[in-house]
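Here is a friendly walk through a structure you may not have met before. Have a look at it first, and then read on.

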Amino acid sequence: MTRHFLATLLFALLAPLSAMTDHQADPPGDRVVCVSKQINEFVFDIGAESHLVARDLTSIYPRDILKLPTVGYHRALSPEGIISMRPSVLLTDGNVGPNEVLDRVRSVGISVVTMDPGDTLQGAEDLMIRLGNYFGREEQAATLVAAWKAGMEKAIRAAGHWADQNKPRVLMVHFGQIGNSYLGLSPKGPAEQILEWAGGRNAIAEGSRMVHLTPEMIAVAAPDVIIATDVGFDRYGSVEKFAEMPGVNLTPAGRNLRIYRIDETEMMYFGPRTPASITNIARWLHDK
Amino acid sequence: MSALRQLPYRQIYLALMLLLAMSLIASASIGTIVFTPLDIATFLGEALGLSPTGPDVLNHNVFFLLRLPRVVLCGFTGATLGVSGTLMQGLFRNPIVEPGLTGTSAGAALGAAVVFVFGGTALSFASPLATAGVPLLAFACSFATTMIVYRLSTTFGRTEIFTLLLAGIAINAMCNAGTGFLSYIARDPQARNITFWNLGTFTTADWRGALVVATAFAACFMLALHHGKSLNALMLGEEDATYLGVEPDKLIFRLIVINTVMVSVATAMVGVIAFVGLVVPHLLRMIRSADYTFLIPASALLGALLMEIVDIVARLVIQPAELPIGIITALLGAPFFLWILILQRRAMGGSYG
Amino acid sequence: MADLAVRLLNVSYASNGTQILSGIDLCFRPGLFNVVLGPNGAGKSTLIRIAAGSFAPSSGKVLYGDIPALSFDATTLARRRAVLSQQIELSLPLRVEDVVLMGRYPHYRDAPSIRDKEIVSRALDLVDMAGRRHQPYPTLSGGERQKTHLARVLAQIWDDDDDRDERILFLDEPTTSLDIHYQIHLLDTARKFLARRCTIVASLHDLNMAFDYGDHFFLLDFGRLLCEANGAGSIPKELIERVYRVRAEMIASADQIAYWRFRL
């Protein structure tokens, strides 16, 4: 047992080093467990979904992915849950919890590959290319990125019509499942960038990433339009009911019932569907 | 029940040890990945060098690196909480005392939360500093809060039990507010950890954590064992205990220190787990005796046993995800606690002092 | 520690601005049944507790032999002197024998020896509770509870062939709320213990009982020692009448024991 223990100790001490090693050199294998909704979507986009065997709870796009079993919520993972899938590799974008999960998974000899796209469009495009290389679908990835770039250009140009006009104030409302509360999407993040391309202005000017929303904050932000992600919107069920949320009822958006529902996966990260999102949002903001 | 009350203590210990052994085997087997007794025997054989490592390296690793440390950590945490509850109930001569009532658990949780939120990149999870930082700061905060509660309730060397309980409640409230505040202002990645902390989990158990908790428990348990007599004597009241050679103020201080070390180390590794310290001594009193020379060792055994059972449940209910332990202990512990209250009201003169 | 005469030298005690004892100078007689007398509030209980080393007087000293009582460590003191308090209202969730075993705690560290268990049995015999040793304490009557505690304190200072020093048994109003059967039983048993190298210091409120059992008397009033007497007859009747605010009439005198009848 001593030898084994020493080996384990050595492995455990070296584990942080292995985090820096780029396991992308190894092929993904046929039992990929991916706990990032963005990466999962991209994998389907480049046609590599046959490699996947399990997902996390929040990966729900495209619909076909729902056939795969889940290993839980990506912020409440259990090592054994992942390992029981006997993955050839665990694929993440870095957004996982609890912190030690990746360590534990590595410690039993399973590769963990982290591809973090960051907050930029370029980062997302790079992610697509990397995934193309990783799964040996470079051509598909390249084609997709080209079409995506073209789509982005077109959508931004079309939305640029409204660049000079009055940019409506928009409040983007997300729902935090762990804290069970509504969050406002604040500066720095794909959502705001998408909004700006669509010709809107973020009603929240401070903070970074996400802030807890209070009725007062909502009222003070005084948005002309509210865009709510699916889970949060569905808790109220309809535009009229959502407009009755404390704080919302005091805003121009609430009074004019300019509340729109959007799928989280269409706004929280950049992807090939972003051009369509820009166009949709632009229509909501500017078609009266 | 009355038949059990005639049994010598030794036989109860044996029965508990037997049940504990069974629960350890069950805990080692059951989970998202199931290990049959044959599997376990095979792995042990491989580890001892009796046979070469088979083809199933993955399961071998999962068993030794994830499952086994979890079983160990779980058992020692349960033992810690069980003994801690016993010590506290003996010290305060109040059966509704929890290890967390002196502000110990809440302080530990607050210390851990501070590391998560303010540790920043220096204490990101890959760094060895974090692995030491969390339990250290948890212990430091836990000790600080416990000492505050103790000092507030001790004047001229005499400790007022009632004041201690009230001060503990106040400090608990403050720590919970602090932890709540930290989780509120925390940037998202940090907040994930704090929520877990308040609910307790064995999900990410490893050998380091298991051995730290085991060591802290073993040391504190050895020290606590000697004080069974003194806790019995304390039942007579502080003055009569003094006549028997007990020094109540020294005793209280010593036991508070022992309790704090044990509980804060366990809380730093696992998070806050409630009700175990409340339920274990009660069950033992019902089964056999309120004699502290019996309760201290027995509560270690029963605490470990119950914790293993609860952890098995935590692993099974929402497979492959896991339920935080604190939720189950609260769900089971709270009704039990209410039941105790009802029974106590019915019992004739059922006061413990 | 052979000479264990308990001596109080100019002991005074005040608490919260109230003077409870003033200038007490006395020596309890070794090997005898010493009785502290006095009306309610005279300070009897405080005197007993200070003499037992429970806490320090405001001024003055308590000596056991030549050594200050408070200089002994807790365990050594516990092996020499035991205190039976006024009836403990607690409901100890233990068996009778477990409670009596507590008396042996100062004598062992981790587990009781055969001798300790033997002493427990003999103490239970002495108080006639042997048959009830397995009974849970909460089911006992008041008198039985006090017997259990008596057994406990006797077990605490049970003499040993290896240890021939004098013991002290303090009884602080031990007969409060006991019926006559138990009162007599308790005092009889205590007196029997005198033969085991023991000094008794008791505070009793019942004068007839005190005179019946006591050998040496100390009369307190308002925290002062008014009179010390060797034998009940030696206390002046006028003093009793003044201190207790009653009229005293001796009604019989059999075997040199005075029986008094009291009226207002």
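## A first look around

C:N10 is exposed, with 12 other C-beta atoms within 10 Å. A residue counts as exposed if 12 or fewer other C-beta atoms lie within 10 Å of its own, as buried if there are 20 or more, and as partly exposed in between, with C-beta atoms placed from the backbone.

Before going further, some ground rules: this is a predicted model, where local features need pLDDT of at least 70, side-chain atom pairs count only at pLDDT 80 or more, and totals for chains, interfaces and linings use all residues. Residues are numbered from 1 along each chain as its sequence is written, while chains are lettered from A and ligands numbered from 1 in the order in which they are written.

**Some backbone oddities**

Back to C:N10, which has a positive phi of about 50° although it is not a glycine. Where does C:N10 lie? The answer is strand β1 (residues 6-15) of chain C. Helices (H or I, at least four residues) and strands (E, at least two) are DSSP runs, numbered from the N terminus.

C:E173 isn't a glycine either, yet its phi is positive, about 45°. You'll find C:E173 in the loop between β7 (167-172) and α6 (180-193) of chain C. With 19 C-beta neighbours inside 10 Å, C:E173 counts as partly exposed.

Over in chain A, the peptide bond from A:Y61 to A:P62 is cis, with omega near -5°. A:P62 sits in the loop between β2 (52-55) and α3 (79-83) of chain A. Why point these out? Most residues other than glycine have a negative phi, and most peptide bonds are trans.

**Chains A and B in numbers**

Contacts come up in the table; two residues are in contact if their C-beta atoms, placed from the backbone, lie within 7 Å.

| Chain | Helices and strands | Buried residues | Contacts at least 24 apart, out of those at least 6 apart |
|---|---|---|---|
| Chain A | 12 helices, 10 strands | 45% of 288 residues | 61% |
| Chain B | 14 helices, 2 strands | 56% of 353 residues | 77% |

How confident is the predictor about chain A? The mean pLDDT of chain A (the predictor's confidence in each residue, from 0 to 100) is 84, and 89% of its residues reach 70 or more. Residues 15-22 of chain A stay under 50 in pLDDT, and the model has 6 contacts for them beyond four places in sequence.

**Two helices in chain B**

Now find helix α3 (residues 57-92) and helix α11 (residues 248-270) of chain B, which pack at an angle of about 150° with their axes 10 Å apart. That angle makes α3(B) roughly antiparallel to α11(B), a label for angles over 145 degrees, with under 35 as roughly parallel, 65 to 115 as roughly perpendicular and the rest as oblique. Axes here are lines fitted to C-alpha atoms, for helices over the stretch in contact, and angles run from 0 to 180 degrees between N-to-C directions.

Which residues make the contact? Among them are B:L73, B:T77 and B:L81 of α3(B), along with B:I252, B:N259 and B:M262 of α11(B). The residues of this contact divide into 12 nonpolar, 4 polar and no charged. Nonpolar here covers Ala, Val, Leu, Ile, Met, Phe, Trp, Tyr, Cys and Pro; Asp, Glu, Lys and Arg count as charged, and the others, Gly among them, as polar.
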